[in-house]
Each structure stands twice: as C-alpha cells, then as structure tokens.
Amino acid sequence: MHGRKVLLINPWICDFAAYDLWAKPLGLLYLGAVLRKNGCRVEFVDCLSTEDDTPRKPGGHGRFRRQRIPKPPQLSSVPRHYARYGIGLEEFVRELHSVPRPDAVLVTSMMTYWYPGVFEAIRLVREHLPGVPVILGGVYATLCTDHARSFSGADHVIPHQGELAILRLLGEIWGEPPVFVPDGEDLDSIPYPCFDLVSDLPYVCIRTSRGCPFSCTYCASSYLCGKQRLRDPVKVVDEIEFWNREYGVSDVAFYDDALFTPRDNARRLLLELLARRATVRFHCPNGLHASQITPEIATLMHQTGFATVRLGLETTSPLRQYASGGKVTNDEFVRAMESLHGAGYGTDDIGVYILCGLPGQDAAEVFDTVRFVQDSGGRPRLSEYSPIPHTRDWEAALRTSPYPIGEEPLFHNNTLLPCRSEGLSLDDYEAIRRSLREGREGSGRQVLETLDDGCQDVVARGRHTQFTTVPADGPVECVDLGEA
Ligand code: B12
C-alpha cells in the first residue's frame with residue numbers, strides 16, 4: 001500500500017436547514033489516519049469546508065455556505081426551501097483535479113436523509129476520475145445499505161466501523177496487504193484522526209468511547225458501533241493536548257454516544273484534564289446521561305471548562321422512559337440538575353434534549369416535559385424524532401408514519417416530524433415551538449441579528465454573557481463566552 005494515493009470526500013448536506021454545530025467527518029478522518037500509517041498519501045476534499053466568507057462563532061461552530069436547489073420530488077409538498085450546504089459544485093470539481101489522481105476514493109455519509117449530497121459527490125467523482133474505485137461507508141451506508149448499494153453509484157458499500165474493513169478491501173483491490181492493522185478491540189491502537197487535513201480547524205471532535213451500554217429503542221448506536229469500548233482517559237487527554245499544542249485548537253466537541261459512562265472513567269478523564277490544566281473549552285452537543293452527573297462530576301466539569309452542557313432527558317413519561325431503555329428517571333434528572341447548578345452552571349448553560357414526534361407520542365407528553373425541564377432550571381431543546389432503520393422503534397415508526405419511510409430515506413428527515421400521530425399534529429408542534437420561543441424571549445435575551453438562513457444571534461445577560469445562535473427551525477445552541 002506504500003505510496004498509494006487515497007482521496008477522502010466529505011460530501012454536501014442536502015436539507016431544509018443545516019448549521020455547523022461541531023460537525024466534522026470524524027470516522028472518515030480515522031480511516032485516513034489508518035491508511036497513512038500504511039504509507040498511503042491521503043488527500044481530503046471537504047464539501048462542508050466553511051473557510052473564507054463564513055465567519056466562525058466563538059467556540060468554533062459556524063454557518064455553511066448554501067446554494068438553494070430544487071427539492072427532491074418526494075419532498076415537493078414541504079413548504080420550505082431546500083439547499084445544498086457546502087462548497088459550490090465547480091469548486092468541488094476544481095479540487096478533484098487539483099489532487100494527484102487517486103488509487104481509491106473514500107466517501108463518507110452521515111444522516112440517512114442527506115444521501116442526495118453523497119450521490120452528487122459520487123456522480124462527479126465518476127465523471128471526473130473515471131476508473132478510480134469509489135468506496136462508500138458511514139452512517140447512511142450502514143443504516144440503509146441496500147438503498148446505498150442500489151442507488152449510490154459507488155463500487156463498494158461498506159457498512160459499520162471502517163478501519164479494518166477498508167484495509168481488507170483496499171488490500172484486495174490493490175493486491176497489497178496492509179503492514180499496519182489496528183487492534184479492533186483497542187481503540188487506542190487507532191492513530192489520531194487526520195484533522196491536519198482540515199483546512200480550517202477551529203475545533204476537533206473526539207470520541208472517548210465507541211458504542212453505548214444503553215440500548216434505547218429510538219437510537220441506532222448499538223447497530224452502528226456494537227458494544228461499548230472505552231479509550232484510556234490518559235490517552236484521550238494526550239490527544240487533546242496534542243491538538244492544542246500542535247494546531248492551536250482550543251475547542252473540543254465530544255462525539256460519544258455515552259460520554260461519562262461509566263462514571264469511573266469520567267472521573268479519571270476529568271481529573272486528568274484538571275491535573276494538566278488544559279486551557280480548552282469542551283462541548284457536549286450529543287447529550288450527556290443525567291444518571292452519571294454527580295456533584296463531584298459536575299464540579300469537575302465546571303473546573304475543567306465544559307462550556308456546552310447538554311443532557312438527554314427525552315421525556316418525563318415514566319412508562320416511555322422504562323419502555324425505551326431506562327437510561328434516565330425523573331429523579332436522576334433532577335439530581336443531575338441540582339449537581340450542575342451546585343457546581344456553578346446557570347439555567348442558560350444547561351440544554352436539555354426533549355424528543356418530539358416519537359411514534360405514539362402526544363403533545364401533552366412533550367408539553368409536560370418542557371415544563372419539567374423549565375421547573376428544574378434547564379433550557380428545553382426540542383429534538384425532532386428521526387425514524388432510524390435497525391432500531392427497536394423502527395417497526396412502530398413504519399406503522400405510524402404517514403410517509404413511506406421504509407422505501408425512501410428522505411422521509412427520515414426530522415424536519416418533517418415523520419412519525420407524528422393524531423395526538424401530536426403539526427399545529428401542536430408549532431404551539432410547542434412557540435411556547436419555547438416565548439420562554440426564551442422572557443429570559444431577557446436580546447436578538448442582535450437575524451441571519452439569512454433564519455438563525456438569530458442573541459446575547460443574554462445573566463450570570464455569564466453568552467453568545468447564542470438560534471436556528472429558526474432547530475434547537476437553541478448556546479456558547480459561553482465568559483464575562484462581557
Ligand atoms: C456525533 C453525532 C452527532 C453530532 C454531529 C455529527 C456530524 N458529523 O454532523 C451532533 C450532536 C451535532 C448530531 C446531531 C444530530 N444527530 Co447525530 N449522531 C452523532 C453520533 C453519536 C456519532 C457519529 C460520529 O461521528 N461517529 C464517530 C465516527 C468515528 O464514526 P462514523 O462517522 O460512523 O465512522 C465510522 C463508520 O461509519 C465508518 N465510516 C465512516 N465513513 C466511512 C467511509 C468509508 C469509505 C468507509 C469504508 C467507512 C466509513 O468507519 C468509521 C470509523 O469506524 C451518531 C450515532 C453513532 N453512534 O454513530 C448520531 C446519529 C448519526 N445522529 C442522529 C440524529 C437523529 C441526529 C439529529 C437529527 C438529532 C436531532 N433530532 O436533533 C441531529 C441532526 C444534526 C443536523 N441536522 O446537523 C442519528 C441518525 C439519524 C439518521 N436518520 O440518519 C444517529 C445515528 C443517532 C441515533 N439516534 O441513532 N449528531
């Protein structure tokens with residue numbers, strides 16, 4: 001494999017709205033690192049590159065460039081604009097020609113309903129680099145493998161974790177076995193993801209683990225990643241120090257399915273961060289498990305610079321909590337909130353995810369959960385349910401959805417509220433969103449600017465001064481800037 005040239009491609013997002021909330025193709029960058037270790041020359045074309053005219057927010061996240069495109073016919077009745085987020089098509093083609101002709105192209109994929117951007121990238125690679133094998137993997141390729149094999153145009157579709165599979169496949173295609181193969185059971189044997197290829201690197205994403213010890217009925221983690229495996233916390237902090245020291249990265253987003261689970265590992269991670277006095281801000285866009293947040297953990301989080309704190313409550317219905325996997329109870333949630341407040345976090349610092357539009361869910365359940373979160377001193381954040389193949393809720397989703405979600409992944413788009421039922425109509429949903437907006441306006445925030453994609457830049461004065469970006473049709477995102 002030595003000297004072989006590999007091109008990594010992070011395709012566009014095609015959706016009604018998209019915002020760079022610490023979104024990087026971590027899995028693809030891991031594959032690049034493994035191939036490099038085998039002597040390959042790795043190049044990267046990032047359709048979601050946000051450099052040049054799109055300013056970054058403090059904390060690192062920002063807006064993607066955006067081109068309005070016609071809606072796919074299946075979505076024609078949705079009264080929203082549809083767009084391709086990321087660089088222009090011409091720029092993409094220029095980049096394809098600016099790298100040495102590769103011996104293989106690796107394309108990643110994320111949300112199932114973003115596949116049109118993946119297909120577009122593969123089509124252009126085929127047109128401009130004829131004869132080069134195109135390999136597709138990632139979340140969409142794993143959850144909708146048959147769809148990807150039938151329609152993507154890729155030569156190979158590789159589901160699930162990719163480090164070992166890509167070495168096996170390229171070894172076969174090139175007739176050259178790899179010299180370095182990571183230990184599939186030891187995450188620390190995988191080299192650091194090649195974030196150095198990302199031209200604009202305001203933040204990095206880190207996984208301290210893969211897989212999840214819970215198996216929530218609405219989530220695909222166990223199908224995607226298997227059983228939970230942990231990295232050594234000391235090695236995680238080594239990696240954070242590396243990005244900070246070598247690349248000046250001062251913001252880190254954790255991508256774990258269950259960060260801080262188990263708690264013992266969390267303690268070791270936080271104590272190590274504290275001991276090394278890492279001057280980095282940490283973000284948990286992916287919801288922490290409330291049951292792990294003790295007063296000690298919360299205090300350590302505050303001391304070590306966890307700026308974006310999110311908890312996954314999802315619902316206050318005890319029945320649904322139990323039936324969906326039992327990851328949290330209302331008592332555990334309240335105790336976690338008390339711990340976070342006790343450690344110094346204010347209401348605006350703690351975002352709490354609430355699932356909305358689950359099969360069979362009614363509006364009253366969502367309203368109750370919103371009120372419960374507000375009463376507990378947190379900021380409710382609606383997480384519109386996306387039905388996901390290979391989850392335990394999939395059968396119920398198929399039965400409930402007014403859309404043919406089993407045939408067409410575009411209908412997994414959470415913007416459609418694709419599994420809404422009679423008890424939770426689009427009008428109910430609007431009423432829930434209105435009540436959240438009113439709650440926000442009542443919190444003394446001042447809108448600075450409404451951006452062309454409907455986001456708002458907002459400043460709130462409280463214990464901290466905060467810069468908050470509020471996607472009009474998404475959750476409230478909020479980054480702590482410290483004192484004004
Ligand atoms: C981190 C994460 C996020 C991040 C951002 C991720 C990003 N890059 O944009 C945040 C928190 C912002 C996020 C948000 C959301 N997310 Co999310 N997220 C994840 C999570 C936990 C991890 C994904 C990840 O990066 N993994 C890390 C790397 C190491 O793994 P990987 O990318 O999968 O790569 C490996 C393999 O896939 C493969 N591979 C990858 N590329 C390639 C390429 C080739 C060629 C090959 C061979 C292999 C290969 O090899 C890699 C290494 O082993 C997954 C769950 C999961 N466990 O995967 C959910 C997940 C993808 N999210 C999901 C959902 C529902 C959402 C939201 C809609 C939630 C909501 N309701 O608001 C939002 C929507 C975001 C948006 N509109 O922008 C769903 C998917 C839904 C769908 N229909 O596709 C998932 C599966 C969780 C679930 N509920 O089951 N998410």
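Colleague: Which side chain does Thr-112 join through a polar contact of 2.8 Å?

Modeller: That partner is His-412: the polar contact of 2.8 Å runs between the side chains of the two residues. Please keep in mind that this is a predicted model.

Colleague: Where does Thr-112 lie?

Modeller: Thr-112 belongs to the loop between β6 (104-107) and α3 (115-128).

Colleague: Is Thr-112 buried or exposed?

Modeller: Thr-112 is buried, because its relative accessibility is 6% and the cut-off for buried is under 20%.

Colleague: What is Thr-112 in contact with, leaving aside neighbours within four places in sequence?

Modeller: With those neighbours left aside, the contacts of Thr-112 are Tyr-140, Leu-143, Cys-144, Pro-409 and His-412. His-412 is also the residue whose side chain shares the polar contact with Thr-112.

Colleague: Turning to the ligand, how many residues surround it, and which are the closest?

Modeller: The ligand is surrounded by 38 residues, and the closest are Thr-108, Thr-112, Gly-162, Glu-163 and Ala-220.

Colleague: What polar distances are there between the ligand and Thr-108, Gly-162 and Asp-257?

Modeller: For Thr-108, an N or O atom of the side chain is 2.6 Å from a nitrogen atom of the ligand. For Gly-162, a polar backbone atom is 2.9 Å from an oxygen atom of the ligand. For Asp-257, a polar side-chain atom lies 2.9 Å from a ligand nitrogen atom.

Colleague: Which elements give two or more residues to the shell around the ligand?

Modeller: Those elements are α1 (26-37), β6, β7 (134-137), α7 (221-225) and β16 (379-384). The most comes from β7, with 3 residues.

Colleague: And the shell by class?

Modeller: The shell around the ligand has 20 nonpolar, 12 polar and 6 charged residues.

Colleague: A change of topic: how many cavities of 30 Å³ or more does the structure hold?

Modeller: There are 7 cavities of 30 Å³ or more. The largest cavity contains about 80 Å³ of space.

Colleague: What lines the largest cavity?

Modeller: Its lining consists of 13 residues, and those nearest the centre are Thr-208, Phe-260, Asn-265, Ala-266 and Leu-269. By class, this lining has 8 nonpolar, 4 polar and 1 charged residues.

Colleague: Which helices each supply at least two residues of that lining?

Modeller: α8 (233-247) and α9 (263-275) each do so. The most comes from α9, which gives 3 residues to the lining of the largest cavity.

Colleague: Next, Leu-201. Where does that residue lie?

Modeller: Leu-201 is in the loop between α6 (163-174) and β9 (204-206).

Colleague: Why does Leu-201 count as buried?

Modeller: Leu-201 counts as buried because its relative accessible area is 16%, and the limit is under 20%.

Colleague: What does Leu-201 contact beyond its neighbours within four places in sequence?

Modeller: Leaving those neighbours aside, Leu-201 is in contact with Phe-195, Tyr-247 and Val-249. In addition, the C-alpha atoms of Leu-201 and Ser-49 are separated by 9.8 Å, although the two residues are 152 residues apart along the chain.

Colleague: Finally, the protein as a whole: how many helices and strands are there?

Modeller: The protein has 15 helices and 20 strands. Of its 484 residues, 58% count as buried.

Colleague: What share of the contacts with a separation of 6 or more is between residues 24 or more positions apart?

Modeller: Residues 24 or more positions apart account for 72% of those contacts.

Definitions and conventions. Residues numbered from 1 in each chain as written. Predicted model: local features only at pLDDT ≥ 70, side-chain atom pairs only at ≥ 80, totals over all residues. Heavy atoms only, no water. Helix = DSSP H or I, 4+ residues; strand = E, 2+ residues; numbered from the N terminus. Buried < 20%, exposed > 50% of the residue type's maximum accessible area, 1.4 Å probe, protein only. Polar contact = N/O pair within 3.5 Å; in protein donor to acceptor, adjacent residues only side chain to side chain. Contact = heavy atoms within 4.5 Å. 1 Å grid on protein atoms, 1.4 Å probe; cavity = no way out; pocket = protein on both sides within 12 Å on 5 of 7 lines; lining within 4 Å. Points joined across faces, edges and corners; volume = space filled by probe spheres on them. Nonpolar A, V, L, I, M, F, W, Y, C, P; charged D, E, K, R; others polar. Near = heavy atom within 4 Å.
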